[in-house]
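Here is a short, friendly tour of one protein chain, written to be read with the model open beside you. Have the viewer ready and follow along from heading to heading.

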Amino acid sequence: MLLVNENGDAYKVNEAVVAVWNMFEDKTVSDVVGEVAEQVNRDPAELKEAIEQLAAKLVEAGLIG
């Protein structure tokens, strides 16, 4: 799977990244952490750092604002 930013740069990602990327529309990182934790039945604290790092990479790649 590929995600492509507005500049046409493509990034190879897996389905989990696409699922989380889709959640970021009009949501904060905290919102996404809570939503993912609920979906996978995990404590949000366990997922917070990984999702924050993913969000930072998506911002750096121009895939979210």
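## A capped helix to start with

A polar contact here is a pair of N or O atoms within 3.5 Å, where one must be able to donate a hydrogen and the other to accept it. Keep in mind that this is a predicted model. With that cut-off in hand, look at Asn 14, which caps the N-terminal end of α1. A side-chain oxygen of Asn 14 sits 3.1 Å from the backbone nitrogen of Ala 16, and because a polar contact needs N or O atoms within 3.5 Å, this pair falls inside the limit.

Helix α1 spans residues 15-23. Its buried residues are Val 17, Val 18, Val 20 and Met 23. What lies over them? The cover includes β1 (2-4), α2 and α3.

## Helix α2 and its two faces

Helix α2 runs over residues 29-40, twelve residues in total. From its first C-alpha to its last it reaches 16 Å, close to the 16 Å expected at 1.5 Å a residue. Val 32, Val 33, Val 36 and Ala 37 are buried in α2. Looking down the helix axis, you will find the buried residues of α2 within an arc of 130°, so they line one face of the helix.

Which residues does the face turned away from the buried side carry? There you can pick out the exposed residues Ser 30, Glu 38 and Gln 39. On the buried side, the cover includes α1 and α3. Just after α2 comes Asn 41, whose phi is positive, at about 55°.

## Leu 47, a meeting point with α2

Next, find Leu 47 in helix α3. Is Leu 47 buried or exposed? With a relative accessible area of 12%, Leu 47 is buried, because buried means under 20%.

Setting aside neighbours within four places in sequence, Leu 47 is in contact with Val 36, Ala 37, Val 40 and Arg 42. Two of these names, Val 36 and Ala 37, also appear among the buried residues of α2. Leu 47 and Ala 37 are ten residues apart along the chain, and their C-alpha atoms are separated by 7.0 Å.

## Three salt bridges

How many salt bridges does the structure hold? There are three. Side chains of opposite charge can pair when their charged atoms come close.

Lys 27 pairs with Glu 35, with the closest N and O atoms 2.8 Å apart. Both partners are partly exposed: Lys 27 has a relative accessible area of 34%, and Glu 35 has one of 26%. Another bridge joins Arg 42 to Glu 46, again with 2.8 Å between the closest N and O atoms. Arg 42 counts as partly exposed at 43% relative accessibility, and this residue is also one of the contacts of Leu 47.

The remaining bridge links Lys 48 with Glu 52, whose closest N and O atoms are 2.8 Å apart. Lys 48 and Glu 52 are four residues apart in helix α3 (residues 44-60), so about one helical turn separates them. Lys 48 is partly exposed at 40% relative accessible area, and Glu 52 is partly exposed at 34%.

## Asn 5 and Leu 63

Finally, turn to Asn 5, in the loop between β1 and β2 (10-12). Asn 5 counts as buried, at 8% relative accessibility. What does its side chain reach? One partner is the backbone nitrogen of Asp 9, at 2.9 Å. A polar atom of the Asn 5 side chain also lies 2.7 Å from the backbone oxygen of Ala 61. Beyond its neighbours within four places in sequence, Asn 5 is in contact with Tyr 11, Ala 61, Gly 62 and Leu 63.

Leu 63 belongs to the segment after α3 and counts as buried at 13% relative accessibility. Not counting residues up to four places away in sequence, Leu 63 touches Leu 3, Val 4, Asn 5, Tyr 11, Trp 21 and Leu 58. Tyr 11 and Leu 63 are 52 residues apart along the chain, with their C-alpha atoms separated by 9.3 Å. Tyr 11 is a contact of Asn 5 and of Leu 63, which makes this a good spot to end the tour.

How values were computed: Residues are numbered from 1 along each chain as its sequence is written. This is a predicted model: local features need pLDDT of at least 70, side-chain atom pairs count only at pLDDT 80 or more; totals for chains, interfaces and linings use all residues. Side-chain values use heavy atoms; hydrogens and water are left out. A salt bridge is a side-chain nitrogen of Lys or Arg within 4 Å of a carboxyl oxygen of Asp or Glu. Buried means under 20% relative accessible area, exposed over 50%, partly exposed in between (1.4 Å probe, protein chains only). Helices (H or I, at least four residues) and strands (E, at least two) are DSSP runs, numbered from the N terminus. The expected span of a helix is 1.5 Å times one less than its number of residues. The arc is that of the directions from the helix axis to the C-beta atoms. Contact means heavy atoms within 4.5 Å.
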